[in-house]
Amino acid sequence: MSRETRERSQSGVYHVMVRGINQQDIFYDEEDYLRYLETVHRVKKEKELEIYGYCLMSNHVHLLIKEGEEGLSLAMKCIGTGYARWYNWKYHRVGHVFQGRYKSECVEDDAYLLTVIRYIHNNPVKANLIKKSEEWRWNSCRSYYGMLEYPTGLSDTAFILGTFSNDKDTAISLFKEYMQESDNAVCLDINESKRKTDNEVLREIMKIIDGNADSIHNMSKPERDKIIRAAKAIEGATHRQIARILGISPSVVFKV
């Protein structure tokens, strides 16, 4: 079956979203977040992209990108394969890291451009992880507010700030006001099912192993792996939850 042709943006600007396979986390520690940003920065320079905004959540990423001459698809492939290769090496695993192809929507005018950048920056706020967008270390809001960003120069803030004012300080002030306005926009997102709590996952796992969590440590590797695969199939469960509940290393769960 042929893939559906993506809609092309006349402006060259896209809101892109990628997610971890089976809703699993793609960032577990600071090193992971930094590595992904470094990968985006490298591909940005190689493919002549403009990165207007980003937000890294534990299991998905939002990017606001203007494509270069080689197009968006190649750039996203380079970002995805570059990070996945390193991720699999670090966590001693094989296979896909991201869930299928990236999702994208065209951004054709300044009004929607501003809507998307605010939506992206507010992701961790809506997830109740922080109270203000600039408190999240892994998004571009801090760069728009004149704060330090790593890698330096990753975000191209001048274009969006320029829609507010030609004076940088005035533009930043107006951008901050815009970020604080109520935001009920619905943009491209993951639309994933709700994650289960540890207790909910525990109940499901207890059904799989007949109520004896200690038994997995006495199983042969093929038997253990069969249980782990069944646990990973629980909708809404994460690898780290499964590892905690079974009392095994997360890397074991990742590799099965």
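Which side-chain oxygen reaches to within 3.2 Å of the backbone nitrogen of Ala111 at the start of H3? In this predicted model, the oxygen belongs to Asp109. The views below start with the whole protein and then move to single elements and residues.

**View 1. The protein combines eleven helices with four strands.** The C-alpha trace spans about 70 × 40 × 35 Å along its principal axes. Of the 256 residues, 50% are buried. The exposed surface comes to about 13600 Å². Carbon and sulfur atoms supply 48% of that surface. Among contacts between residues at least 6 apart in sequence, 72% join residues at least 24 apart.

**View 2. The largest nonpolar core holds 59 residues.** Tyr36, Leu56, Leu64, Met76 and Ile160 touch the most other members of this core. Helix H2, residues 72-90, gives the most to the core, with eight residues. A second core is separate and has 15 residues. Ile205, Ile209, Ile227 and Ile248 are included in this second core.

**View 3. Strands E2 and E3 form a hairpin.** Three residues lie between the two strands. E2 covers residues 50-56, and E3 covers residues 60-66. The strands run antiparallel and are joined by six bridges. Ile51 of E2 has Ile65 of E3 as its bridge partner. Six of the seven residues of E2 are buried, so the strand is largely enclosed by the rest of the structure.

**View 4. Helix H3 is mostly covered.** H3 runs through residues 110-121 and has twelve residues. From the first C-alpha to the last, H3 reaches 17 Å. That is close to the 16 Å expected at 1.5 Å a residue. Nine of the twelve residues are buried. The buried residues are Leu113, Leu114, Thr115, Val116, Ile117, Arg118, Tyr119, Ile120 and His121. At the start of the helix, the side chain of Asp109 places an oxygen within 3.2 Å of the backbone nitrogen of Ala111.

**View 5. Asn139 sits in the loop between helices H4 and H5.** H4 covers residues 123-126, and H5 covers residues 141-144. Why does Asn139 count as buried? Asn139 has a relative accessible area of 2%, and buried means under 20%. The Asn139 side chain reaches two backbone oxygens. One belongs to His121, at 3.4 Å. The other belongs to Ser133, 3.2 Å from a polar atom of the Asn139 side chain. Leaving out residues up to four places away in sequence, Asn139 touches Tyr54, Cys55, His121, Pro124 and Ser133. Of these, His121 is also one of the buried residues of H3.

**View 6. Thr39 is a buried residue of helix H1.** H1 spans residues 30-47. Thr39 counts as buried because its relative accessibility is 4%, under the 20% limit. What does the side chain of Thr39 reach at 2.8 Å? The partner is the backbone oxygen of Arg35. Beyond its neighbours within four places in sequence, Thr39 is in contact with Cys78, Ile79, Gly82 and Tyr83. Helix H2, residues 72-90, is the element that gives the most to the largest core.

How values were computed: Residues numbered from 1 in each chain as written. Predicted model: local features only at pLDDT ≥ 70, side-chain atom pairs only at ≥ 80, totals over all residues. Heavy atoms only, no water. Core = buried A, V, L, I, M, F, W, Y, C linked by side-chain atoms within 4.5 Å. Buried < 20%, exposed > 50% of the residue type's maximum accessible area, 1.4 Å probe, protein only. Polar contact = N/O pair within 3.5 Å; in protein donor to acceptor, adjacent residues only side chain to side chain. Contact = heavy atoms within 4.5 Å. Pairing = 2+ DSSP bridges. Expected span 1.5 Å × (residues − 1). Areas by Shrake-Rupley, 256 points an atom, 1.4 Å probe, with all protein chains shown as cover.
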